[in-house]
Amino acid sequence: MNTLQLQHLAGPLRFAIGPHRLVLGRALSSDLLVADPAVSRRHADLRLDGDALLVRDLGSSNGTSLNGIRITEALARPNDVLAFGTVSFRVEAQAEPAAWDEQLLGGTDLRPLTDLLPTQGQDRKARTLARLLDVAADLSGPMPVARLCETVAELAFDQVDADRVVVLLGIEGGFPGPVAWRNRIGSTAPRVPRIIVQQALDDGVPVITESATEDDRLQSGSVHLEAVRSALCVPFQDGEGRTFGALYADTVQRTAPFDEDDARALQAFAGLAAAAIARTRFAADAARERELRTGYERFLAPEVAEQIASDGGALALAGARREVAIVFGDLRGFSPLAEQLTPEQAAAVLTSWFTIVSEVVFDQGGTLDKFIGDGFLAVWGAPLPRGDAADRALFAARAIREAVERLRENEGVVLRAGFGLSFGEVFAGNVGSERRLEYTVVGDPVNVAARLCEMAGASEILMTGALVARLTDRTHISEPEPVSLRGRSATVEVATDRNGAGKGG
């Protein structure tokens, strides 16, 4: 019989679904445990229904969705995507029965693991297992990384017979430093021998030694200085196998070395801690990326904003020289028109105008630098370079001009716009004061585009020869001629777009 499985879209987690009703949730008693704060303790139940998966939400806080649509009960089929809160799984066909489905006999009683544990204090392994369940419950909810590390250090210190326990985390790829610790022989942060931690990080596997001072792998001044006897170090790894920290324990005064139970316990604590820290960091990174993207979308095309936000924004938005195409545009005759309109009507006209500008600029992958009165400044080629910057800038100016004409025809508003385009090297980056910074472009091409915009008549597009030289299609473009611009000693080669020039006169 075919079965179905759920495959986590962002990690290795996979669940096989059989004919029996299974509860998915964050509670330890769940049949399908998803330790994520977005998942409720009892989130949804699932079971096979023919060739489909019957999913029923159990009144979860963040809801259950099928292919992006929120559901209370629905049938999911292979290749559908189910989201429990913000945790998404793909439904996949599984030709072979799950291993547990083959082994379970009729009448087998499925009970929570906690019901099967030996009583507290019966033996050390039982206490360790019960403690691990407590840790899993503690770390399954939202928790700041600092508090999470303190919890791991405390629990490991209680469970492993160590003199010192240290949680170490790396910052931006650097060597990890202590963020939480417990010290039975002092009150200060223990000095952890770097060579032991480095070996665990390099190999990606736990390091255990019965006598560090005699271990040929671990000979260093810090090992002898700290008089480390037995040591255990387990690396933290994310879902892609990258190390980002470690859980370290050692003995200094205690003569007995760590045993296998100590190693297993510490490794189990480290695994839970690594998963919880990675999840917390992922949630923080996702929130930061959403915040960055929301801010960037004010002046960048959505796909550009998403790309920059996913990279953290630092590289693309750092100040740098860029070759860009620039478009200045503003309305002609708006001031006389505004005298005849109420403030509300004038605001509505500007809103219509700037909506046209924003949609066209973003549609062409440009950066909307700023609105200036009834004008705007848009850029192509910053913060991300574009090989077709000149073509896109001219296309945008033409599209805005045509849209303004349609606005006039459809709404009876007498509006026309003039445009100045240029191409050249500028400084692109954050400019301003300590109290207010704005991403903008600065340089001679910006000033030239502004002067051309001043010169342009209604519905006219003027552009520099430098921009014309980079167009792939120069149809309807006049030959550039030298023109004197206000405030400049040298002339500038200027061409006119004859495609629709003077339309609406």
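Which residue forms a salt bridge with Arg398? In this predicted model, the partner is Asp497, and the closest N and O atoms of the pair are 2.7 Å apart. The contact links distant parts of the chain. Arg398 belongs to helix H12, whereas Asp497 sits in the segment after strand E24 (492–496). The two residues are 99 residues apart. Both ends are buried. Arg398 has a relative accessible area of 16%. Asp497 has a relative accessibility of 0%. Each value falls under 20%, so each residue counts as buried.

The structure holds 15 salt bridges. Another of them joins the side chains of Glu454 and Arg486, at 2.9 Å from N to O. Glu454 lies in helix H13 (residues 444–455), and Arg486 lies in the loop between strand E23 (481–483) and E24. The pair therefore ties together parts that are 32 residues apart in sequence. Glu454 is partly exposed, with a relative accessible area of 48%. Arg486 is exposed, at 53%. Arg21, Asp45 and Arg56 are joined into one network by salt bridges that share partners. Arg386 and Asp388 also form a salt bridge, with the closest N and O atoms 3.3 Å apart. Arg386 is partly exposed at 27% relative accessibility. Asp388 is partly exposed as well, at 28%.

Nonpolar packing was examined next. In soluble globular proteins, nonpolar side chains tend to be buried together. The largest nonpolar core here has 41 residues. The residues with the most contacts inside this core are Trp353, Phe376, Trp380, Ile400, Phe419, Leu421 and Met463. Both helices and strands contribute. Among the elements that each supply at least two residues are the helices H10 (334–340), H11 (343–363), H12 (389–411) and H14 (465–468). The strands that do so are E17 (320–332), E19, E20 (416–432) and E22 (461–464). H12 gives the largest share of the core, 11 residues. H12 also holds Arg398 of the salt bridge described above.

Strand E19 (residues 375–380) pairs with strand E18 (residues 367–372). The two strands run antiparallel and are joined by five bridges. Thr367 has Val379 in E19 as its bridge partner. E18 and E19 form a hairpin with two residues between them. Gly373 is in the turn and has a positive phi of about 60°. Gly373 is exposed, at 64% relative accessibility. The C-alpha atoms of Gly373 and Leu350 are separated by 9.3 Å, although the residues are 23 apart along the chain.

Where do the strands near the N terminus find their partners? Strands of a sheet pair through backbone hydrogen bonds, either parallel or antiparallel. Strand E1 (residues 3–8) has five of its six residues buried, so E1 is largely enclosed by the rest of the structure. Six bridges join E1 to strand E11 (residues 87–94), in the antiparallel sense. In this pairing, Gln7 stands opposite Arg90. E1 also runs antiparallel to strand E2 (residues 14–17), with four bridges between them. There, Leu6 stands opposite Phe15.

An open sheet of five strands follows the order E4-E3-E5-E6-E9, with mixed pairing. Its edge strands are E4 (32–33) and E9 (73–76), and each pairs on one side only. Within the sheet, strand E5 (residues 44–49) and strand E6 (residues 52–57) are antiparallel, with six bridges. Leu46 has Val55 in E6 as its bridge partner.

Surface and cysteine features complete the description. Phe427, Val431 and Val442 make a nonpolar surface patch of about 230 Å². Val442 is located in strand E21 (residues 437–442). Val442 is partly exposed, with a relative accessible area of 46%. A disulfide is a covalent bond between the sulfur atoms of two cysteines. A search of the whole structure finds zero disulfides. Cys149 is buried, at 1% relative accessible area. Cys453 is buried too, at 4%.

Definitions and conventions
Residues numbered from 1 in each chain as written. Predicted model: local features only at pLDDT ≥ 70, side-chain atom pairs only at ≥ 80, totals over all residues. Heavy atoms only, no water. Patch = residues over 30% accessible without salt bridge, like charges linked within 9 Å, V, L, I, M, F, W, Y side chains within 5 Å. Areas by Shrake-Rupley, 256 points an atom, 1.4 Å probe, with all protein chains shown as cover. Salt bridge = Lys/Arg side-chain N within 4 Å of Asp/Glu carboxyl O. Buried < 20%, exposed > 50% of the residue type's maximum accessible area, 1.4 Å probe, protein only. Pairing = 2+ DSSP bridges. Disulfide = S-S within 2.5 Å. Core = buried A, V, L, I, M, F, W, Y, C linked by side-chain atoms within 4.5 Å.
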